[in-house]
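Here are some notes on the structure, set out as numbered points for your review. They move from the surface to the core and then to the contact between chains.

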Amino acid sequence: MRLPEVVRHSWTVASKDLLIEFRSRTAIVSAAMFVILVLLVFTFARDPTAVAAVDLAPSILWVTLTFAAVLALNRAFQLELENQALDGLLLAPIGRSSIYLGKLLANLVFVGTVELIGVPLLALFFNVTVWPYAAPLALVIVLATIGFVSVGTLFSAMTVRTRVSELLLAVLVLPFMIPPLMWASRATGPLLAGRPLSDIIGWLKMLAAYDIVFVGLALLLFPATVNE
Amino acid sequence: MRLLRAGRWITSTALLLLAGVYVRALVYTPLERMQGAAQKIFYVHVPAAIWAETAMILVGLASVFYLFLKDPRLDRFAAASAEVGTVFAAIVLTTGPIWGKPIWGTWWSWDARLTLTLFLFLLYVGYLLLRNAVTDPAERARFAAVLGICGMVLVPFIHFSVYMFRTLHPMPIVLKPSAPSLPPSMLVTWLLSLGVFTLLYVGFVIQRYALSDLREQLEAAGDGGRGTGGERGDG
């Protein structure tokens, strides 16, 4: 009976966050705009005659998604700052891990939505064929996103109450994002070039290992970031 | 105070021995056939790299124990180890390019291990920044411990990447599953250097630890002083 309870509680926390997000829609619209603007920056910053779009696409994709994720991660615990909402959440009769999982879930939905907007736009702006590789590409994106959102959610619980929270979170989380980012972008390259899935299975395994390790670790460590 | 003095002694001894190791490395150790004199930097670069990474692992271990035992000494050790690790990572990142210029023909290359040492350095700086940003000592210790543990867990992923990427970096020649493929005289010099760097790490950490210990005593005494002052005023 323990497991379903954790799932139910974390879903309650996540749906609370998502409902707030859905009612106002400020953050998600800003994040989507941000993704579009970063893609535009890349469009105008590159020399289209020098590098083929398909060679550049994986880097552009991952840079854009990383920046969007870093910006989005701040949101989760910022919501709880007003009116000491975090204290209320901590007093709720649910486990700390449910709070973390709930926040993680909400962040994943948020970043996932941004990615759903970003990837088609990348395909459109840079004329890259994405559709035939949609399923494996989605797998790479999901695995990488879980990896860095898990670490980011944990860190944002700590940085949110410091003075320079946005900047500090970016500085802390980027070194952790870079390994999964590196593997994901190495996997995206062959994928978009039409290579078989067996070429990237090593990267997928690394990403999965990273996810398992860091989600587990964050579950263990999260109580230490909020205990009063 | 005694701890601080001990730390100073160890550090000065280690610095003297470092000079000694370098005399041995430059004068008594043969030149490498392909790389010539540039290879001499290996005797600083590799021990510093080993300690830069080990320091991160020690930060992580101290952090794990801190979260269980809540002993402020563990937190102090982790902070000290992180600061020394930062210095060692900086040594790796400066000696690396100096070697890279003649051998690779470029100061910097985005080679896997080089890049990841840079991240190790950034991880340390982030750790120290987080410590600075949090004012409450207990909260600072907990947050730092969380980041320290995550940092330690990231290191094996860094190590994996070394073998997964095609790299320009020389593959490990001492720390590898088979026997070290190094001529005995070079190996001895290198081992001596590793010993000296170990001593340097220990010396620096002890000094840093003693300093934060003294600072805490001072702060406690400062509060106590203010307290007695108030009492005297009352009397």
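1. A nonpolar patch, as the term is used here, joins side chains of Val, Leu, Ile, Met, Phe, Trp or Tyr that lie within 5 Å, taken from residues with over 30% relative accessible area and no salt bridge. The model is a predicted one, and every value below should be read with that in mind.

2. On the surface, A:Val29, A:Met33, A:Leu37, A:Leu40, A:Phe44, A:Leu124 and A:Phe125 make up a nonpolar patch of about 690 Å². Two elements of chain A, helix H2 (26-45) and helix H5 (96-125), each give two or more residues to the patch, and the largest share, 5 residues, comes from H2(A).

3. A:Phe125, which lies in helix H5 of chain A, has a relative accessible area of 31% and is therefore partly exposed; because the patch rule asks for over 30%, A:Phe125 meets that cut-off with its 31%.

4. In the interior, the largest nonpolar core holds 132 residues, and A:Trp62, A:Val140, A:Leu154, A:Phe155, A:Phe176 and A:Phe214 are those with the most contacts inside it. Helix H7 (residues 165-192) of chain A provides the largest share of this core, 15 residues. Leaving aside residues up to four places away in sequence, A:Val140 touches A:Trp62 and A:Leu207, among others.

5. Between the chains, 29 residues of chain A are in contact with 27 residues of chain B. The area buried between chain A and chain B is about 2,500 Å², with carbon and sulfur atoms giving 84% of that area. The rule finds 1 salt bridge across this interface, and A:Arg161 forms a salt bridge with B:Glu139, where the closest N and O atoms are 3.7 Å apart.

Note on methods. Residues are numbered from 1 along each chain as its sequence is written. Chains are lettered from A and ligands numbered from 1 in the order in which they are written. This is a predicted model: local features need pLDDT of at least 70, side-chain atom pairs count only at pLDDT 80 or more; totals for chains, interfaces and linings use all residues. Side-chain values use heavy atoms; hydrogens and water are left out. Patches are made of residues with over 30% relative accessible area and no salt bridge: like charges are joined within 9 Å, nonpolar side chains (Val, Leu, Ile, Met, Phe, Trp, Tyr) within 5 Å. Accessible areas come from the Shrake-Rupley method with a 1.4 Å probe; for residues, only the protein chains shown count as cover. A salt bridge is a side-chain nitrogen of Lys or Arg within 4 Å of a carboxyl oxygen of Asp or Glu. Helices (H or I, at least four residues) and strands (E, at least two) are DSSP runs, numbered from the N terminus. Buried means under 20% relative accessible area, exposed over 50%, partly exposed in between (1.4 Å probe, protein chains only). A nonpolar core is a set of buried Ala, Val, Leu, Ile, Met, Phe, Trp, Tyr and Cys residues joined through side-chain atoms within 4.5 Å. Contact means heavy atoms within 4.5 Å. Buried area is the accessible area (1.4 Å probe) that two parts lose on being put together, summed over both.
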